Amino acid sequence: AVAAGSGAVRLAAVHRTGALRVGDLAVVVAAAAPHRGQAFDACRDLIDTLKAQTPIWKHQSLQDGSTEWVGLP
């Protein structure tokens, strides 16, 4: 759906799994389009759609030693 409305020629998204440290990349999106603005808009739409439609949850470890789950259904 994102590609159809964006003018982008190619779209890609990769989301990591497993343990990540603060500052690690969790998700990467990329777009190829005839114009730079179209590519940036497509990336923005792709990440917003990914976050809205994909069940992504994480187990966070906090500085005080406690943990919490975020984004559970």
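**A tour of the largest pocket, α2 and A13**

By class, eleven nonpolar, seven polar and five charged residues make up the lining of the largest pocket. The model is predicted, and the stops below follow that pocket, then a helix, then a strand residue.

Start with the pocket itself, whose volume is about 710 Å³. Select H15, L20, A26, W57 and K58: of the 23 lining residues, these are the closest to the pocket centre. Next, colour α2 (36-53) and β3 (58-61), each of which supplies at least two residues of the lining. The largest share, four residues, comes from β3.

Now select α2 alone. This helix has 18 residues and reaches 26 Å from its first C-alpha to its last, close to the 26 Å expected at 1.5 Å a residue. Show the side chains of A39, A42, C43, L46 and L50, which are buried. Look down the axis of α2: its buried residues fall within an arc of 105°, so they line one face of the helix. An α-helix has 3.6 residues a turn, so residues three or four places apart point the same way. Then turn to the face of α2 directed away from its buried side, where the exposed residues F40, K51 and A52 sit.

Keep L46 displayed and add A13, which touches L46 as well as V28 and V29, leaving aside residues up to four places away in sequence. A13 belongs to strand β1 (residues 10-15). Its relative accessibility is 42%, so A13 counts as partly exposed. Finally, select the C-alpha atoms of A13 and A30: they are 17 residues apart along the chain and separated by 6.5 Å.

Terms used
Residues are numbered from 1 along each chain as its sequence is written. This is a predicted model: local features need pLDDT of at least 70, side-chain atom pairs count only at pLDDT 80 or more; totals for chains, interfaces and linings use all residues. Side-chain values use heavy atoms; hydrogens and water are left out. On a 1 Å grid over the protein atoms alone, a cavity is a set of points where a 1.4 Å probe fits but cannot get out, and a pocket is an open set with protein on both sides within 12 Å along at least five of seven lines; lining residues have an atom within 4 Å of a point. Grid points are joined across faces, edges and corners, and a volume is the space filled by probe spheres set on the points. Ala, Val, Leu, Ile, Met, Phe, Trp, Tyr, Cys and Pro count as nonpolar, Asp, Glu, Lys and Arg as charged, and the others, Gly among them, as polar. Buried means under 20% relative accessible area, exposed over 50%, partly exposed in between (1.4 Å probe, protein chains only). Contact means heavy atoms within 4.5 Å. The expected span of a helix is 1.5 Å times one less than its number of residues. The arc is that of the directions from the helix axis to the C-beta atoms.
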